[in-house]
Amino acid sequence: MIEEITCIECPIGCTVEVTVEGGKAVSVRGNGCNRGKAYAESEVTCPVRVVTSTVRTEDGYMVPVKTSKPVRKAAMFEVMKKINAVHPSLPLSEGEVLVRGIDGDADLIVTGKAAK
Ligand code: SF4
């Protein structure tokens with residue numbers, strides 16, 4: 001089976017063709033660089049994404065957060081459940097870990113200031 005993927009690793013957006021056999025990428029064509037090869041192989045085997053969201057503090061402020069690394073798309077529902085269950089208290093500082101190991105070795109970290 002051949003899967004066609006648009007690489008999102010840089011603005012060029014190469015169209016990459018991945019031949020998949022037995023759930024594994026056996027060949028990659030059309031990638032302009034090795035980053036695209038790695039991205040395409042990941043997309044057909046275990047796609048991952050950085051999650052950006054917000055959490056509500058105990059006293060109702062919204063705080064921007066993101067995962068420190070890409071998390072598995074297959075785990076996205078569970079990751080969002082964990083994010084929605086977090087209600088930290090202020091003060092918070094940028095880079096502070098709110099949930100360690102939210103998926104694998106990815107943490108949930110604060111990325112900005114609290115706002116109402
Ligand atoms: S394959 Fe390389 S050059 Fe092409 S979009 Fe991906 S990162 Fe950019």
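## Two domains

The domain assignment splits this protein into domain 1, covering 2–45, and domain 2, covering 52–110. Keep in mind that this is a predicted model. Going by C-alpha atoms, the centres of domain 1 and domain 2 sit 29 Å apart.

## The nonpolar cores

The largest nonpolar core is made of 10 residues, and valines feature heavily in the list: Val 48, Val 51, Val 55, Val 63, Val 65, Val 71 and Val 79, along with Ile 102, Ala 106 and Leu 108. Strand S6 (62–67) and strand S9 (106–110) are the elements that each supply two or more residues to this core. If you want a spot to start looking, try Val 79: leaving aside residues up to four places away in sequence, Val 79 touches Val 51, Val 71, Ile 102 and Asp 103.

There's also a second, separate core of six residues, with Ile 5, Cys 7, Val 16 and Ala 40 among them. As a rule, nonpolar side chains in soluble globular proteins tend to be buried together.

## The S2–S3 hairpin

Strand S2 (residues 15–21) runs antiparallel to S3, and five bridges pair the two. One of the pairings puts Val 20 opposite Ala 25 in S3. Two residues separate S2 from S3 in this hairpin, and Gly 22 in the turn has a positive phi of about 60 degrees.

S3 (residues 24–29) lies largely in the open, because zero of its six residues are buried.

## Around the ligand

The ligand is surrounded by Cys 7, Glu 9, Cys 10, Ile 12, Gly 13, Cys 14, Asn 31, Gly 32, Cys 33, Arg 35 and Gly 36. Sorted by type, this shell comes out as five nonpolar, four polar and two charged residues. Cys 7 turns up here and also in the second core.

Methods
Residues numbered from 1 in each chain as written. Predicted model: local features only at pLDDT ≥ 70, side-chain atom pairs only at ≥ 80, totals over all residues. Buried ≥ 20, exposed ≤ 12 C-beta atoms within 10 Å, placed from the backbone. Helix = DSSP H or I, 4+ residues; strand = E, 2+ residues; numbered from the N terminus. Pairing = 2+ DSSP bridges. Near = placed C-beta within 6 Å. Nonpolar A, V, L, I, M, F, W, Y, C, P; charged D, E, K, R; others polar. Domains from an automatic or database assignment. Core = buried A, V, L, I, M, F, W, Y, C linked by C-beta atoms within 7 Å. Contact = placed C-beta atoms within 7 Å.
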